[in-house]
Amino acid sequence: MKERIEELVNLANKRISEALSGKLLNDVKVEFLGKNGSVTSLMKGMRDLPPEERPTFGQLVNEMRAKIEKAISEKEAELKKKEIAERLEAESIDVTLPGKCVKEGTLHPITLVKNQLIDAFQGLGFQIYEGPEIELDKINFQMLNIPEDHPARDMQDTFYVTDNILLRTHTSPGQVRVMTSSKPPIKVMCPGRVYRSDDDATHSPIFHQIEGLVVDKNVSLCDLKGSLETILKKVFNSDDIKTRLRPSYFPFTEPSVEIDVSCFECGGKGCKLCKGTGWIEVLGGGMVNRKVLEMCGIDPDVYSGYAFGIGLERIAMLKYHIPDIRMFFENDIRFTEQFK
Ligand code: PHE
């Protein structure tokens, strides 16, 4: 019997030493010490022995059980240690390897120019108003004194949604929305997206403008010139910038002007950028037409106003020397990431 017990202990030790994982070790534990394990069934066999042999036998089996238990718990500790060592090895970090860079995003150049202009205008006390991009014909054209037969209304130039609804062709409807909903003094800018059926190197079917509108008593063209000069100096980063007004025509301003800046590349001497003229055309504006003030419920004998519209793509193209307007909309990050 003693031999049989020894044999079992040896077998158990062999199986324990062969167990390579906690799970396998647990199988060994069940095999020997479990409810139906070999040690347990040995113990059960005790009733077949004569009573005088039972105590010795019991003691032997108990000793054997203790030995196996001890061996198992030693192996358990060993496996645990091994597992920790392996994890430390696997999860160790080589701090000498080069790090993984998180790619930093950049603001789109149009957003940059928009933010610069908004900053400059806010410094002069302008508030921001954003109107809808899908606009009524009445507000985009009629209330701005743009007659029915005006070429801009042509199907070729305007994206119509229905006969009376269209994608706004400029930010000037913002003027109408502000003037019909508030009383002077008014000092707002309306930044936003506008749409025209145009597509070439300098025209895009979608582009951006900022409208400016000031309505108060005694507002004159001098105010327009002064404010714009202040803003353009900031945007083109030069105190030497001068502005010049040339007569122009817009149905909603009278008189109307084109505003040029002295060339910030050559300082006015004449270069490639200004095509040798020393001046660059940057925006359109004028005094709000009396008819427009009247249609918006503002008395033109009491109030006057100036308005202007700046094309953001045009400013960005000049400022950053971008040759083709389509580059703004291609979303090629090799282009956009240059504006850090
Ligand atoms: N809305 C005009 C355009 O898109 C620009 C403009 C705005 C002109 C305000 C005069 C006054 O061309």
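This section describes the overall dimensions, the charge distribution and selected side-chain pairs of a predicted model.

The chain contains 11 helices and 9 strands. Its radius of gyration is 43 Å, well over the 20 Å that the globule rule gives for 340 residues, so the chain is more spread out than a compact globule. Along the principal axes, the C-alpha atoms fill a box of roughly 130 × 45 × 40 Å. Of the 340 residues, 40% count as buried. Among the contacts with a separation of 6 or more, 64% are made by residues 24 or more positions apart. The exposed area of the chain is about 19900 Å², of which carbon and sulfur atoms supply 52%.

The chain carries 46 positive and 52 negative charges, and the mean positions of the two sets are 5 Å apart. A search of the whole structure gives 21 salt bridges. Three pairs and one network are described here.

The side chains of Glu-31 and Arg-15 form a salt bridge with an N to O distance of 2.8 Å. Glu-31 belongs to helix 2 (residues 22-33) and Arg-15 to helix 1 (residues 2-18), so the pair ties together parts that are 16 residues apart in sequence. Glu-31 is partly exposed, with a relative accessible area of 30%. Arg-15 also counts as partly exposed, at 30% relative accessibility.

A salt bridge with an N to O distance of 3.6 Å joins the side chains of Arg-193 and Glu-133. Arg-193 is located in strand 4 (residues 186-195), while Glu-133 is in the loop between strand 1 (127-128) and strand 2 (134-136); the pair therefore ties together parts that are 60 residues apart in sequence. The relative accessibility of Arg-193 is 36%, which places this residue in the partly exposed class. Glu-133, at 28%, likewise counts as partly exposed.

In the third pair, the side chains of Glu-229 and Lys-225 meet at an N to O distance of 3.5 Å. Both residues lie in helix 8 (residues 221-235), and being 4 residues apart they are separated by about one helical turn. Lys-225 is partly exposed, with a relative accessibility of 31%. Beyond these pairs, a network of salt bridges links Arg-244, Arg-246, Asp-260 and Glu-281.

Glu-313, in helix 10 (residues 312-320), has no salt bridge although the residue is buried. The nearest side chain of opposite charge is that of Arg-193, 7.9 Å away, whereas a salt bridge requires a side-chain nitrogen within 4 Å of a carboxyl oxygen. Arg-193 is instead paired with Glu-133, as described above. When residues up to four places away in sequence are not counted, Glu-313 touches Ile-110, Phe-207, His-208, Ile-325, Phe-328 and Phe-329.

Pro-151 is situated in the loop between helix 6 (137-140) and strand 3 (165-167). At 56% relative accessibility, Pro-151 counts as exposed, in contrast to the buried Glu-313. The C-alpha atom of Pro-151 is separated by 20 Å from that of Phe-308, a residue 157 positions away along the chain.

Notes. Residues are numbered from 1 along each chain as its sequence is written. This is a predicted model: local features need pLDDT of at least 70, side-chain atom pairs count only at pLDDT 80 or more; totals for chains, interfaces and linings use all residues. Side-chain values use heavy atoms; hydrogens and water are left out. Helices (H or I, at least four residues) and strands (E, at least two) are DSSP runs, numbered from the N terminus. The radius of gyration is taken over C-alpha atoms; the globule rule is 2.2 Å times the number of residues to the power 0.38. Buried means under 20% relative accessible area, exposed over 50%, partly exposed in between (1.4 Å probe, protein chains only). Contact means heavy atoms within 4.5 Å. Accessible areas come from the Shrake-Rupley method with a 1.4 Å probe; for residues, only the protein chains shown count as cover. Lys and Arg count as positive and Asp and Glu as negative; His and the chain ends are not counted. The place of a charge is taken as NZ of Lys, CZ of Arg, CG of Asp or CD of Glu.
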